[in-house]
Amino acid sequence: MEGVGVPLVTPFDEGGAIDEAKLRAVASWVVDCGVDFVVPCGSNGESELMTLEERATVTAIVADEVSVPVLAGTGHPGFEETREQTRRAADAGADAALVVTPYYFDHDQAALAAYYRRLADESPLPIYLYNVPAKTDVSLDPETVGTVADHENVTGLKDSTGDMIAFQRERRLAGPEFDLLVGTGALLAPALDAGGDGGVMALANVVPDLVSDVYHQRADDSAAARALNADLVALNQAVTARYGVPGLKAAMAHRDVPAGHVRFPHQPADEDVVEEVAALVDEALDRHTDGPE
């Protein structure tokens, strides 16, 4: 996996069921706008609010709909559920599995390394580590990443720490063949400059065209890529840290993308948030009018 990945939202209907037609439409739209791979059942897909069977269903729908690689989120707090989810993702047509660190209980770095090594031993799919301490209160040390990266079935990492010092250490310790992906849209250009291979970013649900431009512009003009990325920071913060999935889906709806309802206990974004994220979307698009609407 390299380039721009999108942790795809899961559209739900008003009753909380997966809306297959809207899911297909969203998956098709982000690919048409230039994303390089799709990540169903990540944090922004509300995967923690879905059953094992629902996650497998979402993965199968997305894999059937898109022509780009599919990196399916399969992590659970426990090993058995993660192994089973990974097996189901393989059966559903995923190309690789994105596995969040086990959470809830405290685990030291040796336990985390052992967890990933055993999963990689038994997984039918290549494993991508997923480090998102803001959600899990668990963090992989760069040294642990480097240790696990030597396993033949551990292929990469999504780093959502926002720590560019750790990111650069991961690049050095894991080696050049390891797929190192940044997990925040605000840092895509700096991460690429630091040797990253791409990113998996919530922002790409809203402006996949512009995020793709950041990635591709860097090859010709890294300063222009950084400037475009800087223009997207405010929108990125609104649809991630500030307003989360409700704000993300509101921003997508403003672009007429059928993101659907949030799943309970999430609540829809209130009117003030809807207006704020709409203004930020318009501002980003107005500054860069060449991308597809």
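## Pockets

A pocket is an open set of grid points where a 1.4 Å probe fits, with protein on both sides within 12 Å along at least five of seven lines. In this predicted model, the largest pocket has a volume of about 810 Å³. Its lining comprises 38 residues, and those nearest the centre of the pocket are Ser43, Asn44, Tyr130, Val132 and Lys135. Four elements each supply at least two lining residues: strand S4 (96-100), helix H5 (133-136), helix H11 (233-242) and helix H12 (244-254). The largest share comes from H11, with five residues. Sorted by class, the lining of the largest pocket holds 16 nonpolar, 17 polar and five charged residues.

The second largest pocket has a volume of about 270 Å³. It is lined by 18 residues, with Gly260, His261, Val262, Gln267 and Pro268 the closest to its centre. Here H12 gives the most to the lining, namely four residues. The classes in the lining of the second largest pocket are eight nonpolar, six polar and four charged.

## Helix H12 and its surroundings

Helix H12 thus contributes to the lining of the largest pocket and also to that of the second largest pocket. The helix is mostly covered, as nine of its 11 residues are buried. These are Gly244, Val245, Pro246, Gly247, Leu248, Lys249, Ala250, Ala251 and Met252. The buried residues of H12 pack against helix H1 (20-32), H11 and helix H13 (271-287).

## Nonpolar core

In soluble globular proteins, nonpolar side chains tend to be buried together. The largest nonpolar core of this model has 97 residues, and the members that touch the most others are Leu8, Val38, Leu129, Val206, Val207 and Leu235. Beyond its neighbours within four places in sequence, Leu235 is in contact with Leu203, Val206, Val207, Val277, Leu280, Val281 and Ala284. Val206 and Val207, which Leu235 contacts, are themselves among the core members with the most such neighbours.

## Overall architecture

The protein chain contains 13 helices and eight strands. Its radius of gyration is 18 Å, close to the 19 Å given by the globule rule for 293 residues, so the chain is as compact as a globular protein of that length. Along the principal axes, the C-alpha trace spans about 45 × 45 × 35 Å.

Of the 293 residues, 56% count as buried. Among contacts with a separation of 6 or more, 72% are between residues 24 or more positions apart.

## Backbone exceptions

Most residues other than glycine have a negative phi, and most peptide bonds are trans. Tyr104 is not a glycine, yet it has a positive phi of about 85°. Tyr104 is found in the loop between S4 and helix H4 (109-122). With a relative accessible area of 70%, Tyr104 is exposed, because the cut-off for that class is over 50%.

The loop between H12 and H13 contains Asp256 and Pro265. Asp256, just after H12, has a positive phi of about 65° although it is not a glycine. At 73% relative accessibility, Asp256 counts as exposed. In the same loop as Pro265, the peptide bond from Phe264 to Pro265 is cis, with omega near 15°.

Definitions and conventions:
Residues numbered from 1 in each chain as written. Predicted model: local features only at pLDDT ≥ 70, side-chain atom pairs only at ≥ 80, totals over all residues. Heavy atoms only, no water. Core = buried A, V, L, I, M, F, W, Y, C linked by side-chain atoms within 4.5 Å. Buried < 20%, exposed > 50% of the residue type's maximum accessible area, 1.4 Å probe, protein only. Contact = heavy atoms within 4.5 Å. 1 Å grid on protein atoms, 1.4 Å probe; cavity = no way out; pocket = protein on both sides within 12 Å on 5 of 7 lines; lining within 4 Å. Points joined across faces, edges and corners; volume = space filled by probe spheres on them. Nonpolar A, V, L, I, M, F, W, Y, C, P; charged D, E, K, R; others polar. Rg over C-alpha atoms; globule rule 2.2 N^0.38 Å.
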